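Grab your viewer and work through a few short exercises. Try each task before you read its solution.

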Amino acid sequence: MKTPLILLVGGLGISKSVLKQYGISRLNNDCDFNLGALDKKSERKILKKYMTKKGGIHEKNPSFNHWIHTMVTETQGWPHHSTNYGNVLSEYLNEGNKVLDDKGLKFIVKQGIKKRFKYDQRRVEDFDIEERRFIASLLLKKKSQRSKNDIISFFQNTLNRQQSKELFDMALEKGVFHQKEEGAYVVPIPSMQTWILDRFGDRDGDENRPKIKKSVLDSK
């Protein structure tokens, strides 16, 4: 291009692979920032704004910190989840529900989980059920450091070499897999790992449920 260009891109680990399709093979070190998950302090600040500025709840409310703690436990630092839970929260409060009781909190968490599941579904929408099961089987191994060859070799227990490589490449492109700084590959979002295992792993239970963790909701 013959003119200066500023490009802002966000995508939880998939942006670079998309940019490569347009001939951008690498980025300047001073311009490449990997945001990843938010730390607890930053996430609490975001959710506080949804409660105070958008929801009209005073920070001195005795249940304020309990609500924030519960949502931070659910969102696990991922900006998309924080936004989803925050929107549900502010909508609920703006509908006149200004009493912060356990019933309201359970409703918000339940709606937030539904939105989180939809987000997880979108990330694997191009995979058929067998491919999702292969990924779930990989996660059941609970190996902390997986190389590309480790994953492809695991898939080769069922698929041929070419099919295994194609599945790995697609999972990487879609952001289901993410390469850490030390080179290992992981499923980056904890809630997505749980969702894949619950839906496609060897676990019992109703696959359509969103589960509410009583240990979190009932603790104060």
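Here are three exercises on this predicted model, each with a worked solution.

**Exercise 1.** Find out how many helices and strands the chain has, and in what pattern they follow one another.

*Solution.* Start by counting: there are 10 helices and two strands. Next, read along the sequence, and you get α-α-α-α-α-α-α-α-β-β-α-α. As for burial, 36% of the 220 residues are buried.

**Exercise 2.** Place methionine 71: which helix is it in, is it buried or exposed, and what does it touch beyond its sequence neighbours?

*Solution.* First, locate the residue: methionine 71 lies in helix α3, residues 64-75. Second, check its relative accessible area, which is 0%. Buried means under 20%, so methionine 71 counts as buried. Third, skip the neighbours within four places in sequence; the contacts of methionine 71 are then Leu47, Met51, Tyr85, Leu89 and Ile108. One more check: glutamate 43 is 28 residues away along the chain, with a C-alpha separation from methionine 71 of 9.6 Å.

**Exercise 3.** Work out how α2 and α3 cross, and which residues make the contact.

*Solution.* Begin with the axes of α2 (residues 40-54) and α3: they come within 10 Å and cross at roughly 125 degrees. Because of that angle, α2 is oblique to α3. The crossing is right-handed. Now list the contact residues: α2 brings Lys40, Glu43, Arg44, Leu47, Lys48, Met51 and Thr52, while α3 brings Phe64, Asn65, Trp67, Ile68, His69, Met71, Val72 and Thr75. Finally, sort them by type, and you end up with seven nonpolar, four polar and four charged residues.

Methods:
Residues numbered from 1 in each chain as written. Predicted model: local features only at pLDDT ≥ 70, side-chain atom pairs only at ≥ 80, totals over all residues. Heavy atoms only, no water. Helix = DSSP H or I, 4+ residues; strand = E, 2+ residues; numbered from the N terminus. Buried < 20%, exposed > 50% of the residue type's maximum accessible area, 1.4 Å probe, protein only. Contact = heavy atoms within 4.5 Å. Axes fitted to C-alpha atoms, helices over the stretch in contact; angles between N-to-C directions. Parallel < 35°, antiparallel > 145°, perpendicular 65-115°, else oblique. Left-handed = near helix turned anticlockwise from the far one by under 90°. Nonpolar A, V, L, I, M, F, W, Y, C, P; charged D, E, K, R; others polar.
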